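Visitor: Please show me the model, and let me ask how its terms are applied.

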Amino acid sequence: MFYNTETGDFGLTEGDVRSYFAQSEFLIVWPEPFAPHEPFVAVIATEKPAHSPATHKAVEIAPKDTSDGWLQQWKVVKLSKAELDQIEAERLAAEQAAKDAARITVTKRQALLALFDLKGIKGDQIDAMIGAIPDEDARYRAKVDWDGSAAIESDSPTMLMLAAGLGLSEADLELLFGYAQAL
């Protein structure tokens with residue numbers, strides 16, 4: 001990494017330095033290993049300062065001339081609203097991807113057999129539970145979702161509502177859907 005002491009440009013590569021001299025009318029001989037000619041100086045890399053990546057970032061600033069040579073410098077700054085929004089969007093996408101990966105889908109037949117085999121729950125008990133939903137719109141939606149589905153998803157709102165009504169825990173659901181997949 002190199003620094004142009006005349007222009008203040010920093011974070012430059014060897015290619016950047018060579019390009020600067022490519023328009024020169026003089027033949028430039030480069031030593032091996034590469035060492036820049038003036039006005040460029042090599043910059044000694046330093047570790048980024050500790051910071052919370054959820055709220056801040058380290059930004060490279062102009063290097064500092066020290067007795068040890070030119071040292072890379074950093075400044076910790078707050079993330080912009082756009083950057084914070086991007087982090088939140090990525091978090092939500094990862095959360096959704098994890099939910100999608102954990103979702104188990106089985107046929108209604110598999111779900112009904114698993115409920116009966118492992119918990120002794122029959123289809124008419126589920127129908128009765130749906131029929132007992134006090135809110136007419138919620139009852140209709142649950143009935144359409146349950147009766148009209150060829151496949152049952154482990155995390156569907158209707159399945160989660162039925163599980164709660166049947167006293168099934170998250171662990172019970174995992175066991176039931178794992179069993180149902182094997183049928």
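What follows is a short exchange about a buried lysine and a cavity.

Guide: This is a predicted model, in which local features need pLDDT of at least 70, side-chain atom pairs count only at pLDDT 80 or more, and totals for chains, interfaces and linings use all residues. Residues are numbered from 1 along each chain as its sequence is written, and side-chain values use heavy atoms, with hydrogens and water left out.

Visitor: Why is lysine 108 said to have no salt bridge?

Guide: A salt bridge is a side-chain nitrogen of Lys or Arg within 4 Å of a carboxyl oxygen of Asp or Glu. The nearest side chain of opposite charge, aspartate 147, is 4.2 Å away from lysine 108, so the pair does not qualify.

Visitor: What makes aspartate 147 a side chain of opposite charge to lysine 108?

Guide: Lys and Arg count as positive and Asp and Glu as negative, while His and the chain ends are not counted.

Visitor: What does it mean to call lysine 108 buried?

Guide: Lysine 108 is buried, which means under 20% relative accessible area, with a 1.4 Å probe and protein chains only. Leaving aside residues up to four places away in sequence, lysine 108 touches Trp146, Asp147, Ser149, Ala150, Ala151 and Ile152 (contact means heavy atoms within 4.5 Å).

Visitor: How do you know that the lining of the largest cavity has no charged residues?

Guide: Ala111, Ala114, Leu115, Met159, Leu176, Phe177 and Ala180 line the largest cavity. Asp, Glu, Lys and Arg count as charged, whereas Ala, Leu, Met and Phe are among the nonpolar types; the lining therefore has seven nonpolar, no polar and no charged residues.

Conventions
On a 1 Å grid over the protein atoms alone, a cavity is a set of points where a 1.4 Å probe fits but cannot get out, and a pocket is an open set with protein on both sides within 12 Å along at least five of seven lines; lining residues have an atom within 4 Å of a point. Buried means under 20% relative accessible area, exposed over 50%, partly exposed in between (1.4 Å probe, protein chains only).
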